[in-house]
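Grab a coffee and work through these exercises with the model open beside you. Try each task before you read its solution.

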Amino acid sequence: MADYIYLLQTRLTPAQQTALQHVREAARSRGMTVFLVGGAVRDLTSGSPIRDVDVVVQGNALKLKKDLQKAGGTAIGESDLLQSLYFTFPGGVRLEVASTLSVTYPKPGKPVYKAATILDDLRRRDFTANAMALSLNDGSFGLLMDPLNGVADIENRELRLVSNYGFIEDPVRMIRAQRLSARLGWHLEEKTEQRYQTGKSEGYISALSPFQRGYELEEIFHEEDPLRVLRRLESEGWGASLFPAWTSAKANEAELNKLRDLNDQLGAMSIHPDPSAAYFPLLTAKLSPKEVTALKDMFVRPGFVDEIAALDGATKNFATNFTSKAAAAPSDAWKMLYAAVPETVLWLAHTSKSAPVQAKFKAFFTEWSQARTRIPYQLMQEMRIVPELPIYNELLDTLFFAIMDNKLDTPEAAKAFLEPYSPPAPPPPVNLRRRAVKREAKPAKSRSKKAKAAEVEVDAAPEAVAPEPTPAPVTKPKAAAPVKAAAVPAKVAAPAKVAAPVKAAPAKKAVPVKAAAPAAKKAVAKKAAPAKAPAKKVVVKKAVTKKPAPKPVKKVVAKPVAKKVVVKAKAKKAVAKKAAKSAVKAKAKSRR
C-alpha cells in the first residue's frame, strides 16, 4: 500500500499544496469534512502527472466561494446543479471543489442529484480508478478510501465501469473513456469494452447534454497533449458529436510541439505554467473567427475564455519590463522571470521575435543556472560558514546571483565577499591535565634466567679450622660470588628482599699435628674448587620483573663483595701454610 501522506508531500507541486491548504482551512472553518478525489488520487497512485485537483466536501461547496477568493483563488465558473466551484490559484493550479452527492437517472442523460456521504459519492462515479478518495482532515489525513478496488484496476492499467449501465445512464462516459485512454495509455476492461461497443452502435451519445458537451470540449485544451486526444476522439467518431467544425487538421502542429517543449523546459526550472490558454490559438489556428467564437461559447467555465483573451495583453506588458533596464543584469532578469505569471513567461518565450529576449531565455535555460555549481562550498567551510547559520540559505542565493553577474571571478574576490559573513573563530579548548600518578611496581609473576643465575648460596661457616677457638664474625650475605680470587661480576639483579642473618657455626678446634697433612690437602683442594659446606642454604628472594629496571642495577656495586671473598681466601691460605709448616716440623721430630 502506498504511503499517501508522503505522496501528497512530494508529488504535488508547492502551488498545489498551497491551494489544498486553503481549501482545508476554508472547510474547517465551515465545519465540513474535505477529501481529495477523482483524477488526482488516480494519478498519485499510478505515478502520472497531476494536472487537476478535485476536492469534495460533505456540505454545500458553494458556501466556500468567498473564503477561497480571499485566499487568493480566482473563480472561473460554478455549477448550481452539481454544487461545484471552479478556481485557479497562482502557479497554474486548476481546482474544482464540489459537494458529495448521490445520483439517479430517471432517463438517460438526465441525472438527479442529492446530498450524500463520501462513500455514496464514490459509488456514483464513472470508473473504478476514479472512485477513490483521500482524507484531508486532521484526524485521518492521508487515509485512502477505495470501496470498489480501484487500486487493482490501476495496477492492471485498465478502465472498468462502476455501474453496468454506466454508458446508458451518462453517455459522456464513452467520450471520457477514450480521452483517458489516449492520455494514460490504458485499455478498457473486457466487459467495459463490450458495453462501449454496444453503446457506440446503439447511439447512446444522442442523449449527451449541452453541459457535458461543453465540459468535454474544454477538457481537451487542458490535456498534456491535446492534439493526440483530439485525434483519438476523431478516430472513434466523437469529434462530430462534440464540435464538427473542429478537427486535428485545423491545428498548427509544429508550433504546438514547440510550445510543449518550452513548457517542459520551464517545468524543469521549477516554473509551472498552465498551457491551456496558450494551446487554444494553436489548436484553432485554421478555424474561422465565427467558429472560434462559437467554440468559446460552449465552454462551461467562462473564466477560461477570459484567460485566453487576456493572455496577449499580459504578455506584452511583461515583455516591456523584461527588456527594460530593470532586467539588464542576469540576476535581475532571473528574479523577474520567477516573479511573473508563469503563463505570460511561456507565451513570451514562444511568441517573441526579439533577439535580446530570445538571448535571455537561452541564457536562462543554459548558462545562468550553472552559476549554482560554482558556489565555493569548500571556502565557506574553511571560513566557518556552515548550514547551521541562520543566514546560510539567504547567503547561498546572494552568492548565486553574484556569480551569475560575474562579480566573483577569482578566489580572492569570493573570500572578500564572504568575509563579513564569517563568524569569529571559537576559543581554543581548555585542556585540564592531571598530575601523573606514580604507580607501584607490580611483583613479577616469573623470574628470568638472569635472576635465577644470580641466586646466592650462603655458607653457614667455613670448613677450614681456625687456629684460635674464637667464633667467626657474622656477615650478611648480599649476592652470589664464587670462591675465587677474582672479583665478582658487576651485574646484579634488581633489589631483593634481605634474608635474615645466618649465625656462623663455631670454628672447630685445632686438630693434632698428625691430622695436619690431610687438612693441608683439603686446603689445597679448596683452591681448585669452592667448597660446599653442609650448612643451610639461604636463598635470597628477589622481586624480578619481566624487564629489570636499569637504575637499581647501576647502584649495586660488586667491589665490596669481591674484597670480602678475597679476605676469606687469604685467611684460608694462611691457615693452610701454618698447617703445612707444623706438619713438616712433626715429620722432622719423628725422624730424630
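**Exercise 1: a charged patch**

Lys578 has a relative accessible area of 56%, so it counts as exposed. Keep in mind throughout that this is a predicted model.

Task: Find the element that holds Lys578, and work out which residues gather with Lys578 in a patch of positive charge.

Solution:
- Step 1. Look along helix α26, which covers residues 559–591; Lys578 is found there.
- Step 2. Now check the surface around it: Lys578 gathers with Lys577, Lys581 and Lys585 in a patch of positive charge.

**Exercise 2: two salt bridges that share a helix**

Task: Work out which parts of the chain are tied together by the salt bridge between Arg30 and Asp67, then do likewise for Glu78 and Lys65.

Solution:
- Step 1. Start with the general idea: side chains of opposite charge can pair when their charged atoms come close.
- Step 2. Check the distance for Arg30 and Asp67: their closest N and O atoms are 3.1 Å apart. The cut-off for a salt bridge is within 4 Å, and this pair forms one.
- Step 3. Place the two ends. Arg30 sits in the loop between α2 (14–29) and β1 (34–37), while Asp67 belongs to helix α4 (residues 65–70), so the salt bridge ties together parts 37 residues apart in sequence.
- Step 4. Check the cover. Arg30 is partly exposed at 43% relative accessibility, and Asp67 is partly exposed too, at 21%.
- Step 5. Move on to Glu78 and Lys65, whose side chains meet in a salt bridge of 2.7 Å, N to O. Glu78 is in strand β3 (residues 74–79) and Lys65 is in helix α4, so this pair ties together parts 13 residues apart in sequence.
- Step 6. Finish with their accessibility: Glu78 comes out at 37%, which counts as partly exposed, and Lys65 is partly exposed with 26%.

**Exercise 3: buried charges and a network**

Task: Decide whether Asp121 and Arg125 are buried or exposed, and list the residues linked with Asp126 in a network of salt bridges.

Solution:
- Step 1. Asp121 and Arg125 meet through their side chains in a salt bridge, 2.8 Å from N to O.
- Step 2. Both of these residues are buried, and the cut-off for that label is under 20% relative accessible area.
- Step 3. For the network, trace the links among Asp126, Arg176, Arg179, Arg183, Glu216, Glu218, Glu219, Glu223 and Arg301.
- Step 4. For the whole structure, the count of salt bridges is 25.

**Exercise 4: aromatic pairs**

Task: Classify the ring pairs Tyr196–Trp238 and Tyr338–Phe364.

Solution:
- Step 1. The structure holds 20 aromatic pairs. In one of them, the ring centres of Tyr196 and Trp238 are 6.3 Å apart and the planes stand at 75 degrees, so we call it edge-to-face.
- Step 2. Tyr196 is in helix α9 (residues 190–202) and Trp238 is in the loop between α11 (226–236) and α12 (239–242), so the pair ties together parts 42 residues apart in sequence.
- Step 3. Tyr196 is buried at 1% relative accessibility, and Trp238 is buried at 4%.
- Step 4. For Tyr338 and Phe364, the centres are 6.0 Å apart and the planes are at 65 degrees, so this pair is edge-to-face as well. Tyr338 lies in helix α17 (residues 330–339) and Phe364 in helix α19 (residues 355–366), 26 residues apart.
- Step 5. Compare the cover: Tyr338 is partly exposed at 34%, whereas Phe364 is buried at 0%.
- Step 6. Zoom out: ring pairs link Tyr338 and Phe364 into a cluster with Phe318, Phe322, Trp334, Phe361, Phe365, Phe400 and Phe401.

Notes: Residues are numbered from 1 along each chain as its sequence is written. This is a predicted model: local features need pLDDT of at least 70, side-chain atom pairs count only at pLDDT 80 or more; totals for chains, interfaces and linings use all residues. Side-chain values use heavy atoms; hydrogens and water are left out. Patches are made of residues with over 30% relative accessible area and no salt bridge: like charges are joined within 9 Å, nonpolar side chains (Val, Leu, Ile, Met, Phe, Trp, Tyr) within 5 Å. Accessible areas come from the Shrake-Rupley method with a 1.4 Å probe; for residues, only the protein chains shown count as cover. Lys and Arg count as positive and Asp and Glu as negative; His and the chain ends are not counted. The place of a charge is taken as NZ of Lys, CZ of Arg, CG of Asp or CD of Glu. Helices (H or I, at least four residues) and strands (E, at least two) are DSSP runs, numbered from the N terminus. Buried means under 20% relative accessible area, exposed over 50%, partly exposed in between (1.4 Å probe, protein chains only). Rings of Phe, Tyr and Trp (its six-membered ring) pair if their centres lie within 6.5 Å; planes under 30 degrees apart count as stacked, over 60 as edge-to-face and the rest as tilted.
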